[in-house]
Amino acid sequence: MRLQVRKGAYINRIMMSGNISLYQTCKCFTKHLPTVRMPVLCSSCSEKRAVLKRPKTGLSLCKACFFWAFEEEVHQTIVAAKLFKPGETVGIAASGGKDSTVLAHVMKLLNERYSYGLELMLISVDEGITGYRDDSLETVKRNQQQYELPLKIVSYEELYGWTMDAIVKQVGLKNNCTFCGVFRRQALDRGAIMLKVDKICTGHNADDVAETVLMNVLRGDIARLRRCTAISTASEGDGVVPRCKPLKYAYEKEIVLYAYFKKLDYFSTECIYSPNAYRGYARTFLKDLESIRPSSIMDIIHSGENLSVREGVKMPVQGTCNRCGYISSQALCKSCVLLEGLNRGLPKLGIGKHHRLHEKILSQQPLTESEERKLKSVDF
């Protein structure tokens, strides 16, 4: 309920009195008077003062009611999708950012509140980015102590012999996110296998899923478009651990508000190598849509969930990499091809479609001069 200063009525009474000088003075003064507002009560409990208006529902809630609503929505997502079974060991992908920190906090809270019967662990990946990942890992280590959960850190350097700093020096700032994304996914699986977890849960939120749908539509990637909205992915190989997204329907803004009001310890700096990432442009476009229509995020997710591919469309068949055994639809997985390119000084080998070269790589045949020339050229 709002109580506004009746500026107009007050000025009109002065004007009717005929005192023009006083009228001009009061008009100038009241122009800068602030609007007086009564405290807004919580839409849920109708007792406490509301501290926020939920971007997702538009309801004004107090802190306690917002916390409960947010946690219950995540709980309903977990229950409806049957994400976990009692007795499972679940690895939480922890980066130190707001999403993974809120995920770890909520998963521990709900596990205790509703007796899920889960054994929770933190898994973190060190990409080797000086001034970014080293700082965020300190946050992860503090979270480990705060939530009293086991922590496993796996690094690109120990798994692949490369850090992202070294990769960027060779590749440049264009396409470097391709290397990081592919390596991180496999590194997370390897960390999960080391800990012998049954599932991995990631901090992907509604904004992330909607961005992925947009990216796959713009790229015409039908295969990824079919599975990008799935809340969980089944194991498709010996080296792949099933994943799930408990925060799939949680808006990024609400995750930030939850972390802020709960005073959670998280790292908020963006990656120094991601300003030219394709996802960044999809994110900007999505934010523009959201400012016009707040339901755009959920609408895009629901559209992706209900998309179907007509019969006869050839889809890639998932197999395993002939070199490392990781899941792949080609003779070599993306990670092995990218590593081969880095080790040979051919950074563009894994960028684009070079499937015809896989047999040559596996049989260790030398590439022709023209092939090497194309793969050495880098657009910075």
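**Exercise 1. Which helices each supply at least two residues of the lining of the second largest pocket?**

Ground rules before we solve it: this is a predicted model, where local features need pLDDT of at least 70, side-chain atom pairs count only at pLDDT 80 or more, and totals for chains, interfaces and linings use all residues. Residues are numbered from 1 along each chain as its sequence is written, and side-chain values use heavy atoms, leaving out hydrogens and water.

*Step 1.* Pin down the term: on a 1 Å grid over the protein atoms alone, a pocket is an open set of points with protein on both sides within 12 Å along at least five of seven lines, and a lining residue has an atom within 4 Å of a point.

*Step 2.* List the lining: A223, R226, R227, G304, E305, L307, S308, V309, M315, P316 and Q318.

*Step 3.* Match that list to the helices (DSSP runs of H or I, at least four residues, numbered from the N terminus). The answer is α10 (222–227) and α13 (296–305), with α10 giving the largest share, 3 residues.

*Step 4.* Add some chemistry: the lining splits into 5 nonpolar, 3 polar and 3 charged residues. Here Asp, Glu, Lys and Arg count as charged, while Gly goes with the polar ones. The pocket holds about 190 Å³ of space, a volume being the space filled by probe spheres set on the points.

**Exercise 2. Describe the largest cavity and the helix that gives most to its lining.**

*Step 1.* Look for closed space, meaning points where a 1.4 Å probe fits but cannot get out. Searching the whole structure turns up 1 cavity of 30 Å³ or more, and the largest cavity comes to about 40 Å³.

*Step 2.* Collect its lining: A94, G96, S100, T101, A104, L122, N143 and Y147. That makes 4 nonpolar, 4 polar and no charged residues.

*Step 3.* Assign the helices. Both α4 (98–113) and α5 (133–147) supply at least two residues, and the largest share, 3 residues, comes from α4.

*Step 4.* Check out α4. Its 16 residues reach 22 Å from first C-alpha to last, close to the 22 Å expected at 1.5 Å a residue (1.5 Å times one less than the number of residues). Of those 16 residues, 13 are buried, i.e. under 20% relative accessible area with a 1.4 Å probe, protein chains only. Just after α4, S115 takes a positive phi of about 50°.

**Exercise 3. What percentage of the 380 residues of the protein chain counts as buried?**

*Step 1.* Count the elements: 16 helices and 10 strands (DSSP runs of E, at least two residues).

*Step 2.* Apply the burial cut-off, and 45% of the 380 residues count as buried.

Conventions: Buried < 20%, exposed > 50% of the residue type's maximum accessible area, 1.4 Å probe, protein only.
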